[in-house]
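The following exercises concern strand pairing, helix packing, burial and internal space. Each task is followed by a solution in steps.

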Amino acid sequence: MQTQPIRIGTRGSDLALAQARETRARLMAAHGLAENAFEIVVITTTGDRITNRPLSEVGGKGLFTLEIEEGLIEGRLDLAVHSSKDMPTVLPEGLELSAFLPREDPRDAFIGKAAPTIASLPQGAVIGSASLRRQALLRRMRPDLNVVLFRGNVPSRLAKLEAGEVDATLLAQAGLKRLGLEAATTELLPLDTFPPAPGQGAITIESRRGDERINAILAPIHHRETGLALTAERAFLGALDGSCKTPIAGHAVVDGDTLSLHGMILTPDGTEAHETRVDGSVGDVVAVGVEAARILRERAGPSFFTTW
């Protein structure tokens with residue numbers, strides 16, 4: 001008999017808490033458990049504390065997971081809920097990604113105050129983003145725009161936009177939907193021309209490797225197709241040595257027994273870009289991701305990642 005609640009680790013932002021509560025609700029439904037069978041444990045990460053500098057300068061996206069993963073390793077947490085796109089490709093020893101929830105809309109949302117679409121923004125308009133990928137794609141589309149660093153959680157970015165600090169911004173549509181804020185979106189950007197970050201829109205659950213009790217609890221809420229797609233995307237990212245210093249886009253889709261991955265790499269200024277699509281069997285999704293990365297490295301040349 002369970003004697004203490006299952007401890008769910010999460011960051012404290014509105015979006016992170018919404019994702020933790022969604023995970024709890026799915027576990028409650030899957031096992032017929034009451035809410036008090038779970039405890040949501042809020043942990044402030046280094047990434048939450050540093051809000052005025054690009055992640056690429058202070059250690060990368062792993063700063064959003066470090067303290068939570070320490071809680072898992074030390075046994076203070078039973079599982080952790082993350083945005084998949086925040087997860088480094090290499091996890092600490094003894095931890096694993098044990099489940100993925102069904103993926104939400106993976107597209108990027110444009111939120112314009114000065115204009116409703118990227119195309120209709122006036123020349124020189126200021127658009128804020130914290131993502132190197134989004135910044136590079138924007139500069140590729142509209143080199144005349146003034147793209148600036150714009151960090152903070154979803155509500156704070158929307159508040160800064162409303163206050164006129166920027167003319168527009170980009171956010172993940174999945175996050176807006178999970179917060180009930182999708183009405184703020186003025187343009188949804190197509191996946192083929194504005195591909196998302198690997199993992200965008202998906203919630204992942206991390207736990208201790210070999211923890212059979214937690215694995216059994218998580219098994220009923222794992223979404224197979226999302227897991228396959230994210231495994232391919234993470235393999236693609238890992239084979240490119242992807243980090244917050246590298247503008248990389250990648251999105252995989254499962255259709256029956258086939259997985260298709262669209263990958264892109266860009267220079268930060270958006271002036272050079274390479275992309276590919278690779279299809280393969282769902283039985284070997286890692287190979288699809290690795291092959292897409294190999295093709296892009298070959299096309300871009302050996303100096304692509306070192307000349308900027």
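Two strands are taken to pair if DSSP finds at least two bridges between them. The model examined here is predicted.

**Exercise 1. Determine how strands β11 and β12 pair, and place them in their sheet.**

Step 1. Between β11 and strand β12 (residues 258-266) there are eight bridges, and the pairing is antiparallel. One of these positions can be located by residue: His251 has His262 in β12 as its bridge partner.

Step 2. The open sheet contains three strands in the order β11-β12-β13, with antiparallel pairing. Because β11 (248-255) and β13 (273-281) each have a single partner strand, they stand at the edges, and one side of each is left without a neighbour in the sheet. From one strand to the next, the twist averages 10 degrees.

Step 3. Two helices are then placed on these strands. Helix α9 (residues 224-239) lies across β11 and β12 and runs at about 150 degrees to β11. Helix α10 (residues 285-300) lies across β12 and β13, at about 155 degrees to β13.

**Exercise 2. Establish the strand order of the five-stranded open sheet and identify its edges.**

Step 1. The order is β7-β6-β8-β5-β9, and the pairing is mixed. The edges are β7 (146-148) and β9 (187-188); each has a single partner strand, so one side of each lacks a neighbour in the sheet.

Step 2. Strand β5 (residues 108-112) pairs with β9 in the antiparallel sense over two bridges. Within this pair, Ala109 stands opposite Leu188 in β9.

Step 3. Helix α6 (residues 154-162) lies across β5 and β8 (168-172), and its direction makes an angle of about 165 degrees with β8.

**Exercise 3. Explain why strand β10 is described as largely enclosed, and list strands that pair with it.**

Step 1. A residue counts as buried when its relative accessible area is under 20%. In β10 (residues 203-208), five of the six residues are buried, so the strand is largely enclosed by the rest of the structure.

Step 2. Strand β3 (residues 79-83) pairs with β10 in the antiparallel sense over four bridges, and Ser83 stands opposite Ile203 in β10.

Step 3. Strand β4 (residues 95-100) also runs antiparallel to β10, joined by five bridges. Here Leu97 has Glu206 in β10 as its bridge partner.

**Exercise 4. Describe the surroundings of Leu27: is this residue buried or exposed, and which residues does it contact beyond its sequence neighbours?**

Step 1. Leu27 belongs to helix α1 (residues 14-31). Its relative accessible area is 0%, so Leu27 is buried.

Step 2. With neighbours within four places in sequence set aside, Leu27 is in contact with Phe38, Ile217, Leu218 and Ile221.

Step 3. Pro220 illustrates the sequence separation involved: Leu27 and Pro220 are 193 residues apart in sequence, yet their C-alpha atoms are 8.0 Å apart in space.

**Exercise 5. Characterise the internal space found by a search of the whole structure.**

Step 1. The search finds one cavity of 30 Å³ or more. The largest cavity holds about 40 Å³ of space.

Step 2. Ten residues line the largest cavity; Ser84, Pro198, Gly199, Arg234 and Leu237 lie nearest its centre.

Step 3. Sorted by class, the lining comprises four nonpolar, two polar and four charged residues.

**Exercise 6. Which residues of helix α4 are buried, and what follows the helix?**

Step 1. In α4 (residues 66-73), the buried residues are Glu67, Ile68, Glu69, Gly71 and Leu72.

Step 2. Gly75 follows α4 and has a positive phi, near 85 degrees.

Methods
Residues are numbered from 1 along each chain as its sequence is written. This is a predicted model: local features need pLDDT of at least 70, side-chain atom pairs count only at pLDDT 80 or more; totals for chains, interfaces and linings use all residues. Side-chain values use heavy atoms; hydrogens and water are left out. On a 1 Å grid over the protein atoms alone, a cavity is a set of points where a 1.4 Å probe fits but cannot get out, and a pocket is an open set with protein on both sides within 12 Å along at least five of seven lines; lining residues have an atom within 4 Å of a point. Grid points are joined across faces, edges and corners, and a volume is the space filled by probe spheres set on the points. Ala, Val, Leu, Ile, Met, Phe, Trp, Tyr, Cys and Pro count as nonpolar, Asp, Glu, Lys and Arg as charged, and the others, Gly among them, as polar. Buried means under 20% relative accessible area, exposed over 50%, partly exposed in between (1.4 Å probe, protein chains only). Contact means heavy atoms within 4.5 Å. Axes are lines fitted to C-alpha atoms, for helices over the stretch in contact, and angles run from 0 to 180 degrees between N-to-C directions.
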